[in-house]
Amino acid sequence: MLSRGAAGWRALRWAGRRPRARGLHASPRAWSAMPSWVIDRYGSNEVLRFTRDMVFPIIHFPNEVIIRVHAASLNPIDLSMRSGYGATALNMKRDPLKLKTEETEFPLTLGRDVSGVVMECGLSVSYFKPGDEVWAAIPLWKQGTLSEFVVASGNEVSFKPKCLSHIEAAALPYVGLTAWSALNQVGGLNKSNCSGKRVLILGASGGVGTFAVQLVKAWGAHVTAVCSHDASTLVKKLGADDVIDYKSGNLEEQLKTLPLFDFILDNVGGSTEKWALDLLKKWSGATYVTLVTPFLINMDKLGVADGMLQTGVTVGSKTLKHLLKGVHYRWAFFMPSGPSLDEIAELVDSGKIQPVIDEVFSFSEVPKAFLKLEGGHARGKTVINVISRQ
């Protein structure tokens with residue numbers, strides 16, 4: 001359930017628009033199964049299977065809502081999860097007490113983003129009612145959104161921006177919350193302290209990158225974006241002050257010719273980390289945040305206990321190493337949050353952030369959409385029009 005602070009904030013925001021107390025609302029008819037795209041094992045695209053007999057989601061806790069999915073979208077994490085990435089940690093989260101008689105997560109529905117309409121509300125849900133248009137990003141350990149309905153906790157859900165269609169809205173929650181986590185919750189940037197800061201975004205043309213460019217620009221930062229030449233027009237349109245083509249020469253040398261940065265968001269990882277921190281202003285509070293971490297990989301390879309130990313040693317040693325050099329080193333992860341989506345919705349409705357969509361597929365074309373995402377070099381999000389199946 002929402003914390004008292006978050007609950008009060010959201011109640012004030014929506015005061016006068018929504019009734020404060022609601023009970024459990026029954027479905028218009030008895031639902032038992034629904035259409036979904038699922039996987040029964042990990043692998044490549046052939047493991048995707050369409051079924052009309054996926055078990056209908058049930059409200060287990062009083063703060064949950066059931067959402068009828070109008071649109072969903074795909075993220076690189078969906079490709080990784082299709083292949084088994086993070087299964088060890090996610091299965092532990094799904095069943096921490098080992099209560100299930102069968103140790104299997106299948107059939108598993110992928111997809112994190114949802115824009116749709118509330119169908120049912122739990123007894124303690126006071127911010128939403130059936131018929132409300134909402135959006136959300138569903139946590140990785142829960143059943144996903146490539147389905148007719150999905151269940152979510154009330155603190156994961158927010159009212160959809162008024163200015164966006166469901167197709168447009170579905171492109172933003174996961175990448176928006178991932179960027180928000182890295183920039184705001186981990187990196188400490190916000191609209192009050194970002195003005196005039198020099199921010200470097202590596203991998204600026206992807207879903208998280210395009211959102212991050214818009215967000216820090218809305219907060220008043222000077223943005224340097226790194227992407228390929230064919231994405232430079234898009235990234236400039238989103239607000240980047242300087243755009244560097246990583247294919248036009250040695251990227252490290254190109255960036256060294258620029259003034260030092262106050263903040264770096266790394267969506268690329270790999271060898272980038274070896275030199276990127278040298279681009280930060282020393283002893284000024286400058287921060288490097290990477291979204292490419294070995295956290296889930298360590299647990300897949302080493303098991304939960306040893307994987308967590310290895311992860312802790314790695315991040316601790318890197319943090320100390322760079323702190324002694326005068327800069328901050330951080331890891332960031334996607335974090336579901338309805339209150340954060342509330343803030344993002346305000347930015348969207350004020351025209352400061354817009355969705356970037358590469359292509360829209362119908363619900364019957366989910367495997368084709370995965371292949372599109374797998375091909376790489378997308379300029380924006382791959383969106384699934386779920387309601388179009390009717």
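## The chain as a whole

Of the 390 residues in the protein chain, 53% count as buried. Keep in mind that this is a predicted model. The chain carries 13 helices and 15 strands. Its radius of gyration is 21 Å, close to the 21 Å from the globule rule for 390 residues, so the chain is as compact as a globular protein of that length. Laid along its principal axes, the C-alpha trace spans about 65 × 50 × 40 Å.

Contacts tell you how the chain is stitched together. Taking those between residues at least 6 apart in sequence, 73% join residues at least 24 apart.

## Surface and charge

What does the outside add up to? The accessible surface of the protein chain comes to about 17000 Å², and carbon and sulfur atoms account for 56% of that.

As for charge, there are 44 positive and 36 negative side chains. The centres of these two sets lie 5 Å apart.

## Strands β1 and β2

Strand β1 covers residues 33–39 and is mostly tucked away, with 6 of its 7 residues buried. β1 pairs with strand β2 (residues 48–55) in the antiparallel sense, over 6 bridges. If you want a spot to find this pairing on screen, go to Met 34, which stands opposite Met 54 in β2.

## Val 157

Val 157 belongs to strand β7, residues 157–159. Is Val 157 buried or exposed? Its relative accessibility is 0%, and buried means under 20%, so Val 157 counts as buried.

For a sense of distance, compare Val 157 with Asp 300: they are 143 residues apart in sequence, and their C-alpha atoms are 30 Å apart in space.

Methods:
Residues are numbered from 1 along each chain as its sequence is written. This is a predicted model: local features need pLDDT of at least 70, side-chain atom pairs count only at pLDDT 80 or more; totals for chains, interfaces and linings use all residues. Side-chain values use heavy atoms; hydrogens and water are left out. Helices (H or I, at least four residues) and strands (E, at least two) are DSSP runs, numbered from the N terminus. Buried means under 20% relative accessible area, exposed over 50%, partly exposed in between (1.4 Å probe, protein chains only). Two strands pair if DSSP finds at least two bridges between them. The radius of gyration is taken over C-alpha atoms; the globule rule is 2.2 Å times the number of residues to the power 0.38. Contact means heavy atoms within 4.5 Å. Accessible areas come from the Shrake-Rupley method with a 1.4 Å probe; for residues, only the protein chains shown count as cover. Lys and Arg count as positive and Asp and Glu as negative; His and the chain ends are not counted. The place of a charge is taken as NZ of Lys, CZ of Arg, CG of Asp or CD of Glu.
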